[in-house]
Amino acid sequence: MDSQLKKGLIEYCVLASLVEKDSYGYQIVKEIDSQLELTESTLYPILKRLETNEKVATYSKIHNGRLRKYYHLTELGFASIQQFLHEWNDVEAIHQYIKRSVAK
């Protein structure tokens with residue numbers, strides 16, 4: 001998959017991974033589809049950007065004697081997912097156009 005396209009989709013995958021429950025970096029990497037090849041070094045700048053944009057909030061909790069940072073999806077983050085899903089129809093229309101053009 002084209003790296004720029006993948007990069008644009010990863011942010012929404014990270015947000016979607018937080019819909020059902022809060023999570024921490026390593027767990028998010030494990031949960032996201034292996035096809036995206038998400039690494040922690042890719043994830044943390046994304047999480048920082050999402051936090052700066054108020055799409056996720058953070059809190060810390062002690063786990064096995066260590067402080068672990070958890071990420072929580074905010075209302076703005078959930079609204080961002082909803083907007084992405086709404087706009088996906090446009091992406092599908094473009095996909096169909098390209099598919100038809102190639103099939104000619």
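Asparagine 64 is found in the loop that runs between β1 and β2. In this predicted model, asparagine 64 has a positive phi of about 50°, although it is not a glycine. With a relative accessibility of 71%, asparagine 64 counts as exposed, because the exposed class begins over 50%.

A second residue with a positive phi is glutamate 54, whose value is about 60° although it, too, is not a glycine. Glutamate 54 lies in the loop between α3 and β1. Its relative accessibility of 55% places glutamate 54 in the exposed class.

**Helix α1**

Helix α1 covers residues 3–17. It has 15 residues and reaches 20 Å from its first C-alpha to its last, close to the 21 Å expected at 1.5 Å a residue. A bend of about 25° occurs in α1 at leucine 9. Leucine 9 is also one of the buried residues of this helix, alongside Lys6, Ile10, Glu11, Val14, Leu15 and Ser17. These buried residues of α1 pack against α2 (25–31), α3, β1, β2 and α4.

**Salt bridges**

Side chains of opposite charge can pair when their charged atoms come close. In this model the count comes to four salt bridges. Three of them are listed below, each with its closest nitrogen-to-oxygen distance.

| Pair | N to O distance | Separation in sequence |
|---|---|---|
| Arginine 49 and glutamate 11 | 3.5 Å | 38 residues |
| Glutamate 11 and lysine 55 | 3.7 Å | 44 residues |
| Glutamate 51 and lysine 69 | 3.8 Å | 18 residues |

Arginine 49 forms a salt bridge with glutamate 11. This pair links distant parts of the chain, with arginine 49 in helix α3 (residues 40–52) and glutamate 11 in helix α1. The two partners fall into separate accessibility classes: arginine 49 is partly exposed at 38%, whereas glutamate 11 is buried at 14%.

Glutamate 11 also meets the side chain of lysine 55 in a salt bridge. Glutamate 11 lies in helix α1 and lysine 55 in the loop between α3 and β1 (56–63), so this pair ties together parts that are 44 residues apart in sequence. Both glutamate 11 and lysine 55 are buried.

The side chains of glutamate 51 and lysine 69 form a further salt bridge. Here the link runs from helix α3, which holds glutamate 51, to strand β2, which holds lysine 69. Glutamate 51 is partly exposed, at 24% relative accessibility, and lysine 69 is partly exposed as well, at 39%. Salt bridges that share partners join Glu11, Arg49 and Lys55 into one network.

**Helix α4**

Helix α4 spans residues 75–103. It has 29 residues and reaches 42 Å from its first C-alpha to its last, close to the 42 Å expected at 1.5 Å a residue. A kink of about 30° in α4 is centred on glutamate 87. The buried residues of α4 are Gly77, Ser80, Ile81 and Phe84. An α-helix has 3.6 residues a turn, so residues three or four places apart point the same way. What covers the buried residues of α4 includes α1 and β2 (66–73).

Serine 80 belongs to this buried group. At 10% relative accessibility, serine 80 counts as buried, because the limit for that class is under 20%. Leaving aside residues up to four places away in sequence, serine 80 touches Tyr12, Leu15 and Lys55. Of these contacts, Leu15 is among the buried residues of α1, and Lys55 is the buried partner of glutamate 11.

**A nonpolar patch on the surface**

Ile94, Tyr97, Ile98 and Val102 form a nonpolar patch on the surface, with about 440 Å² of accessible area together. Isoleucine 94 has its place in helix α4 and is exposed, with a relative accessible area of 51%. Valine 102 is found in helix α4 as well, and at 66% relative accessibility valine 102 counts as exposed. Valine 102 and leucine 36 are 66 residues apart in sequence, and their C-alpha atoms are 26 Å apart in space.

Definitions and conventions
Residues are numbered from 1 along each chain as its sequence is written. This is a predicted model: local features need pLDDT of at least 70, side-chain atom pairs count only at pLDDT 80 or more; totals for chains, interfaces and linings use all residues. Side-chain values use heavy atoms; hydrogens and water are left out. Helices (H or I, at least four residues) and strands (E, at least two) are DSSP runs, numbered from the N terminus. Buried means under 20% relative accessible area, exposed over 50%, partly exposed in between (1.4 Å probe, protein chains only). Contact means heavy atoms within 4.5 Å. The expected span of a helix is 1.5 Å times one less than its number of residues. The bend at a residue is the angle between axes fitted to the seven residues ending there and the seven starting there. Patches are made of residues with over 30% relative accessible area and no salt bridge: like charges are joined within 9 Å, nonpolar side chains (Val, Leu, Ile, Met, Phe, Trp, Tyr) within 5 Å. Accessible areas come from the Shrake-Rupley method with a 1.4 Å probe; for residues, only the protein chains shown count as cover.
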